[in-house]
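Colleague: I should like to learn how the contacts in a structural model are read. Please take me through them one at a time.

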Protein chains: 2
Amino acid sequence: MSDKIFVFGHQKPDTDAIGSSMAFSYLSNHRKNMKLNTEVVALGPANEETQFALDTFGLELPRIVTSAKAEGVDTVILTDHNEFQQSISDIESLTIMGVVDHHRIANFHTASPLFMSVEPVGSASSIVYRKFLEEGLEIPKALAGMMLSGLISDTLLLKSPTTHPTDFKVAEELAEIAGVDLETYGLAMLKAGTNLASKTAEQLIDIDAKTFELNGKKVRVAQVNTVDIPEVLERLDEIKSAISAYIEAGHFDDFVLMITDIVNSNSEIVEVGTDADKVEAAFNFKLEEGHAFLKGAVSRKKQVVPQLTDAFND
Amino acid sequence: MSDKIFVFGHQKPDTDAIGSSMAFSYLSNHRKNMKLNTEVVALGPANEETQFALDTFGLELPRIVTSAKAEGVDTVILTDHNEFQQSISDIESLTIMGVVDHHRIANFHTASPLFMSVEPVGSASSIVYRKFLEEGLEIPKALAGMMLSGLISDTLLLKSPTTHPTDFKVAEELAEIAGVDLETYGLAMLKAGTNLASKTAEQLIDIDAKTFELNGKKVRVAQVNTVDIPEVLERLDEIKSAISAYIEAGHFDDFVLMITDIVNSNSEIVEVGTDADKVEAAFNFKLEEGHAFLKGAVSRKKQVVPQLTDAFND
């Protein structure tokens, strides 16, 4: 085993997973004390939104790995996630040196003490940005752009209820360093992620999907962004067929898809699985043909997963 | 439910549990932004070492509570622990707003995002001290004394391998604010905790004990400090009888007692339970009459629990 440490975000990486891991790896290698030998890697390919951000700031996606041990690495730092089922395949056998995250803590444990910086803020990138300030380390322009992109992505341009009061200033300062206009760049980046017409239903349901264990049930919760919910619903039969095949192949109990309107900040919820009653109870609505409108919901983390957790535990 | 937030350390509180929770509650109530309405409470009485520290700095032990809901409180902040079985009795039904800790993460989960500051340093008090510095908040002399006491207690006056390189400076600065000589005060405080002769065997094995779930086994790991291991071993039969009764009453599988020589930095390990073979494998020694010498071992967290975890998982 080498002394190299991998830094990475979650599987099915989104822009915050990529942005926070790239920036935190740089910070770890360049801080004044306790310099580390880290390499940022990705657990999967970039989605179109993330690729837009990388292209804008002239960066390449980190190389993709699926096992640390296979690369001779046994120590890792996680950003933007902590749940093992969202992490690298051999996470159970690795030493976790650190975690920078803004999610709930679940399905996570270590054998030894570690560094954990968890805050209920809009993005993991927001926390990494604060660490640069604490360290007094200059932020390269492109990495400021990637952290900004992570924050914009996770908060839908600061409109999601997951946005923390401190995130507005973070966004402003990062936009300044990155040399972009927050609103113009933000909307362009989000729109780059809404090109669903070019995707098969199988690709669409897998753009940004996470697995949760809810009271013993294996539930996949996916989210796609759009500027036109009805256009996506025209493909509902095709999407439900793809989900059914996905459930069967992955031995899931349920699949919940959020189709999120990024302009008006609402979501259509599609449910396929054995626990439609739990999903209806979670959101206090009635599914028709397996879907229903959820007004004002844009955040999986704050407006969907806790509600599902409660309903599955009832 | 009130809007009050409880701040507390673990059950069977030691000096760091009390010191870190008192100081963090004060910090939370006095910071410039996001002032909270917290009350520090304790999950049990002070041990003699902690009482010595409280007396020295003119403070009272926080009031003892065993349930938050019974006090009309449903939001809590944990210091110096995260494992639920070491926490308040109704932890599973509460909202955990924050964690300040320096232990491994295990048997811990939340439904929502939270604040977590975890660092592999010598004491939870070390982390709280850094938060005062970041906040630019003046530290009251008595609270500096309690944080210093927590750090001295957990690191056996900076001699344990759990001592972090940054802890030496923390101790120096806290001693300065508290107005005590680090070495003189530290040794006096540690010695105050070694008065085992006055205790029954039942009291002795319960001074500083924590429960761990190791691969499905319920293992209690206790530690007592002494300046004379042979003197404690004279009471071995009495101690083993007390442990056996304790195991039976608490449905434990094993009880591991560390009798730690704080002057020479060694421990005698006493094991009672069904997995003596696992304990022998963990420390690569042979138990005789249920005990064996473990040279250089003073840290439960670094030199005992990870080794037991590995052995129980093998």
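Colleague: Which residue forms a salt bridge with A:Asp206?

Modeller: A salt bridge is a side-chain nitrogen of Lys or Arg within 4 Å of a carboxyl oxygen of Asp or Glu. In this predicted model, A:Asp206 pairs with A:Lys12, their closest N and O atoms lying 2.9 Å apart. As to conventions, local features in this predicted model need pLDDT of at least 70, side-chain atom pairs count only at pLDDT 80 or more, and totals for chains, interfaces and linings use all residues. Residues are numbered from 1 along each chain as its sequence is written, chains are lettered from A and ligands numbered from 1 in the order in which they are written, and side-chain values use heavy atoms, with hydrogens and water left out.

Colleague: How is chain A divided into domains?

Modeller: The bounds come from an automatic or database domain assignment. For chain A this gives domain 1 (5–192) and domain 2 (201–313), whose centres, taken over C-alpha atoms, are 25 Å apart. One salt bridge is found across the interface of these two domains.

Colleague: How is the size of such an interface stated?

Modeller: It is often given as the accessible area lost when the parts come together. Buried area here uses a 1.4 Å probe and is summed over both parts. Domain 1 and domain 2 of chain A bury about 1,800 Å² between them, with 54% from carbon and sulfur atoms. On the domain 1 side, A:Lys12, A:Arg104 and A:Leu156 lose the most area, together 31% of what that side buries. In terms of contact (heavy atoms within 4.5 Å), 19 residues of domain 1 touch 20 residues of domain 2 in chain A.

Colleague: What area do chain B and chain A bury between them?

Modeller: The value is about 1,900 Å², 65% of it on carbon and sulfur atoms. Each chain contributes 23 residues to the contact. In chain B, B:Ile105, B:Pro113 and B:Met116 lose the most area to chain A, together 28% of what that side buries. Zero salt bridges are found across this interface, whereas the whole structure has 28 over all chains.

Colleague: How should one read the packing of two helices?

Modeller: Two packed helices are described by the angle between their axes and the distance between the axes. Axes are lines fitted to C-alpha atoms over the stretch in contact, and angles run from 0 to 180 degrees between N-to-C directions. Helices are DSSP runs (H or I, at least four residues), numbered from the N terminus. In chain A, the axes of helix 1 (residues 15–30) and helix 4 (residues 141–155) come within 8 Å and cross at roughly 145 degrees. The residues that meet include A:Ile18, A:Met22 and A:Tyr26 from helix 1, and A:Leu143, A:Met147 and A:Leu151 from helix 4.

Colleague: And in chain B?

Modeller: Helix 1 (residues 15–30) and helix 2 (residues 48–56) of chain B pack at about 40 degrees, their axes 9 Å apart.

Methods. Helices (H or I, at least four residues) and strands (E, at least two) are DSSP runs, numbered from the N terminus. Buried area is the accessible area (1.4 Å probe) that two parts lose on being put together, summed over both.
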